Amino acid sequence: MTTPASNEITMFGAEWCRDCRRTKAQLDGLGVAYTYVDLEAEPAAADVAKDISGRTNIPVVVYPDASFHVEPSNADVESKLKDLSLI
């Protein structure tokens with residue numbers, strides 16, 4: 001099972017999830033390195049995402065400072081990446 005590394009971004013998502021595809025495309029477009037955990041390929045990782053967020057909603061984006069977003073807007077992600085000096 002995949003657990004987030006403390007020095008990188010980890011995104012939990014699924015291909016059927018529109019918000020997941022949008023957030024993944026945003027990270028790709030910004031050239032930000034991240035680990036993508038496909039919850040369809042790794043169903044047990046859904047429990048990890050739920051343990052982190054306390055919710056079953058996706059995507060869950062975990063940042064290097066251990067903070068996270070659940071179903072973030074593009075503006076939320078961009079703001080956090082700027083705060084962490086990742087973009």
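**A walk through the chain, with a stop at helix α2**

The chain exposes about 4700 Å² (Shrake-Rupley method, 1.4 Å probe), and carbon and sulfur atoms supply 48% of that area. Keep in mind that this is a predicted model, where local features need pLDDT of at least 70, side-chain atom pairs count only at pLDDT 80 or more, and totals for chains, interfaces and linings use all residues. Residues are numbered from 1 along each chain as its sequence is written, and side-chain values use heavy atoms, with hydrogens and water left out.

Now for the layout. Going along the sequence you meet β-α-β-α-β-β-α, with helices (H or I, at least four residues) and strands (E, at least two) taken as DSSP runs, numbered from the N terminus. The radius of gyration, over C-alpha atoms, is 12 Å, close to the 12 Å from the globule rule (2.2 Å times the number of residues to the power 0.38) for 87 residues, so the chain is as compact as a globular protein of that length.

Let's zoom in on α2, residues 45-53. Its buried residues (under 20% relative accessible area, 1.4 Å probe, protein chains only) are Ala45, Val48, Ala49 and Ser53. Seen down the helix axis, they fall within an arc of 120° (directions from the axis to the C-beta atoms), so they line one face of α2. Their cover includes β1 (9-13), β2 (34-38), β3 (60-62) and β4 (68-70), with contact meaning heavy atoms within 4.5 Å. Flip to the other side of α2 and you find Asp47 and Asp51 exposed (over 50%). After α2 comes Gly54, with a positive phi near 75°.
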